[in-house]
Amino acid sequence: MKCNSLCYRSLTRQNIFKMMSMAIIPSTSILVTQFVFLISLLSFKVTSSSRTEAEALIQWKNSLSSSSFINPSWALNNTENLCSWTGIVCHTTETVFEIHLSQASLEGMLARNFFDGNIPLEIGQLEKLQYLSFYNNSLNGTIPYQITNLQKICYMNLFGGDISSSIGQLRNLHKLDLSANGFNSSIPGELGLCSNLTFLALAGNLLVGSLPLSLVNLHKIEELGLSNNLLSSQISPHFFTNWTELVSLQLQNNQFFGKIPSEISLLKKLNILFLYHNKLNGSIPSEIGNLGELTSLDLSKNQLLGPIPLTMGKLTKLTLLRLFYNNLSGTIPQEIGNMSSLVILDLNTNNLEGELPETVSLLNLEILSLCTNNFSGMIPRDLGKNNLNLKNVSFSNNGFSGQLPLGLCNSFTLEQLTIDNNNFTGPLPDCLRNCSNLVRVHLEGNHFSGDISKAFGVHPNLNFISLSDNQFSGEIPQSIGEITWELGNMVNLRYILDLSSNLLSGTIPSNLGKLTVLESLNLSRNNLTGKIPASFSSMLSLNSIDFSYNHLTGQIPSGNPLKQANYTGKSCLCGYAEGLNPCSSTSSTSSNKSSKNKKVLIGVLVPLCGLFCLAFIVAVVLILLPRFKHSEKTDAYEWLIWERQGKFTFAQILKATEDFSERYCIGKGGFGSVYKAVLAQDQIVAVKRLIMSDSGEVLTTNKLSFEIEIKILTEVQHRNIIKLF
C-alpha cells in the first residue's frame, strides 16, 4: 500500500497534464514534471545498480545547454550520494524511484534524440519502477510483453505501438493513459484484469469495435475517457452496475448506438456525463434525474426522441445542459427553474414547441440557445432582468412574437444576439445601445420598428450585424462607422452589415467608409437618398455590395468592389458599372474643377438676375403708364359733357351724392348705377355713373351704348321719364 499512496501523492491530474505538455524542441526551455527514471535506458544495457543509473543521468545532463539548477549535485564524483541529488527520489534499495525536476529551467533536447525505434526489451528489468511515461517520443512497434514484469508500476503513459493484451497482467496499475496515440486496434479484453484502475484514458485514437464486457471488473474506476475513437456498440447496463465510483464518463465522438440504460441512475457520484455525437436513440431516461452530483450533461448530436424528463429539475448542481441536434419534442418543463446553477442551456435544433416557462429566467444563465424549434408566444418578461452574466441569446427560427423583454440586456454583458426569423415587433430594448461587448447581431426577418439611430451605440467588437426585413426607420447611425476608427482594423465590423428591406431614409453616412475590412454590405430596399460617399473607395475588402431599390444620385465612387455592386431599381446613379449609364463630362470632372465651375456660374448668375429684375420693373412701368393716362382722359371727357349740357358742375354732383355713396343709389344697370342728387335751389337730378372696364374694347362699347341710350331718352316724352339735361 506504500506504493499506492506514494503514487497518488505524486500524480495529481495537474502534474500529469504538465508532464504531457513537455516541449521536445532543441534549445527551448522545458519543465520536467514527475518524469520518473526512464533515463536509465540511455545505456545500452539497463541494470539496476546505482552507479549505472548515475552515469545515465550524467550523460543526459551533459547533453543539456542549460542545467545550472542540478549542476552542484549531479556529478560523477558524487555517485555514492545519488539519492541526495537534486530532484532524485530513491527506493529503499537505493535505486532511483522518481525524478522531480519541475521548474528546473532546463534547456536542451529531451527524449527525441534518445528514445526512438522500439521500446527496449530490457525495460522489464526495472522491476521496482512505479511510474512509466513514454509520452511524445518516436517509438514504434508493439509494446513488449516484458513490460508485464513491472508489477509495482502504478502509472503508465505510453505513446505509439499497439495495445498488448499482456498489459492485463499489471494488476497494481492505477492509472493508464494511452490517449492521443495512433492505436488502431480494439480494446483488449485483458484490460479488465487491471482491477485496481481508477483512471483509464484511451481517448484520441482510432480504436474500433465494442467495449469488452470484461471492463465491468473495473469496479474502482473513477475517470473513464474513451472519446474521439471509432468504437461502435450498445452501452451495456452491466457497466453502470459495476462502475459506481465513476466521477467522469466521457464517451463522446464515437459511434455508440441504442438506448441510454436506465441503470445510469446508479452512478451517484457522477459529475461529468458526455455522450454527445454518437448514434444513441430512444428517450432520455427519467432516472437521469437521480444523478444529484451531476454538473455537466451533454447528450447533443444523437437521435434522442420524446420529451425532456421532468426529473431533470432535480439536477440542482448542473451548470451545463446541452441537448441540441436531437429529435426531442414537447415543451420545456416548468421544473427547469429548479436548476438554479445552470450556466449553459442549449436546446437548439429539436422539435420542441409551446411557450417558454417563466422559470427559464435563471439568474446564473450565460448562454441560452433555443433556435430552430417550434416555440411560440412571447419571451418571459423577466428574462435577463436580474441576470448579471447573460452573454449569448439565440431564439432564431421559431414563431416567437411580441416585444423583446426590456431587461434582456440589463447587465450590458451581451455578446451575441441571434433572434432572426420570428415575429417580434416593436422597438429594440434601450439597453442594447450600451452593450459594448456585442460581437454578432442577427435581427433579420422580424417586424421590429423604431428609429435605428437610437437602437445602437458604439460596439467596438461587432463583426456581424444583420437587420434586414424589418420596419426600422430613421437614418443609418454614424456610430456604426466609428467602430473601426477608434480601435483599429482587428476588431471592427468584418463580415456582414445588412440593413436591407427597412424604412431607412436620409443619406449614407461617410463614416461607413471606415469599415475597411467589411466583406458584405447590403443597404437595398430602403429610402436612402443622396450620393454614395467617396470614402467607400477605401473599402477594398468588400466582395458583396447591394444599393438596389433606393433613391441614390450622382456618380459612384471609384474602386473595383463598387463596379460590381448591385444598383437595380430606379436611381439617378451613373458611372462605369453594370446597369448604369456613363456620367456626362461635367459630372465626371474632378472636384477642384467642379468647384471652379460653381464659382464662375455664381459670377454669371448674379448680374443676370439683377438685369432681369431691372427689366421687370421697367416693363411694369410701361404697362401701367398708358392706363393711368387713359384714366385721366376719361375723367376729363366726362367732366366736359356735364359742363356743356348741364346747369351745374361735376363737383356739385360729387358733393350732393357724397362721392357717390351707396345710400344715394336708386338703381343699377348693365353699365353702371343711378344716384339721386339734390342740388342748390332744391333741384333734384338723377345721375348715372358708368362702370369703366380696363379693356379699351369694352370701354368703347360701353360709351357707344350709353350715347344711344341718352339720345333715345332725350327724344321720348313721357310722364314717367324725367327731363334730361
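Rings of Phe, Tyr and Trp (its six-membered ring) are taken as a pair if their centres lie within 6.5 Å; planes under 30 degrees apart count as stacked, over 60 as edge-to-face and the rest as tilted. By this criterion, a search of the whole structure, a predicted model, returns eleven aromatic pairs. In one of them, Phe424 and Phe448 are stacked, because their ring centres are 6.0 Å apart and their planes meet at 15 degrees. Phe424 belongs to strand S29 (residues 423-426) and Phe448 to strand S31 (residues 447-451), so the pair ties together parts that are 24 residues apart in sequence; strands here are DSSP runs of E with at least two residues, and helices are runs of H or I with at least four, numbered from the N terminus. Both Phe424 and Phe448 are buried, where buried means under 20% relative accessible area, exposed over 50% and partly exposed in between (1.4 Å probe, protein chains only). Phe424 and Phe448 also join Phe375, Phe395, Phe400 and Phe472 in one aromatic cluster.

Charges meet rings as well. The charged end of Arg440 sits over the ring of Phe464, 4.3 Å from its centre, and that of Arg525 sits over the ring of Tyr549, 4.3 Å from its centre; this requires NZ of Lys or CZ of Arg within 6 Å of the ring centre and within 35 degrees of the ring normal.

Turning to helix H7 (residues 591-645), Val621 is found there and is partly exposed, with a relative accessible area of 48%.

Residues are numbered from 1 along each chain as its sequence is written. Local features need pLDDT of at least 70 and side-chain atom pairs 80 or more, while totals for chains, interfaces and linings use all residues, and side-chain values use heavy atoms, without hydrogens and water.
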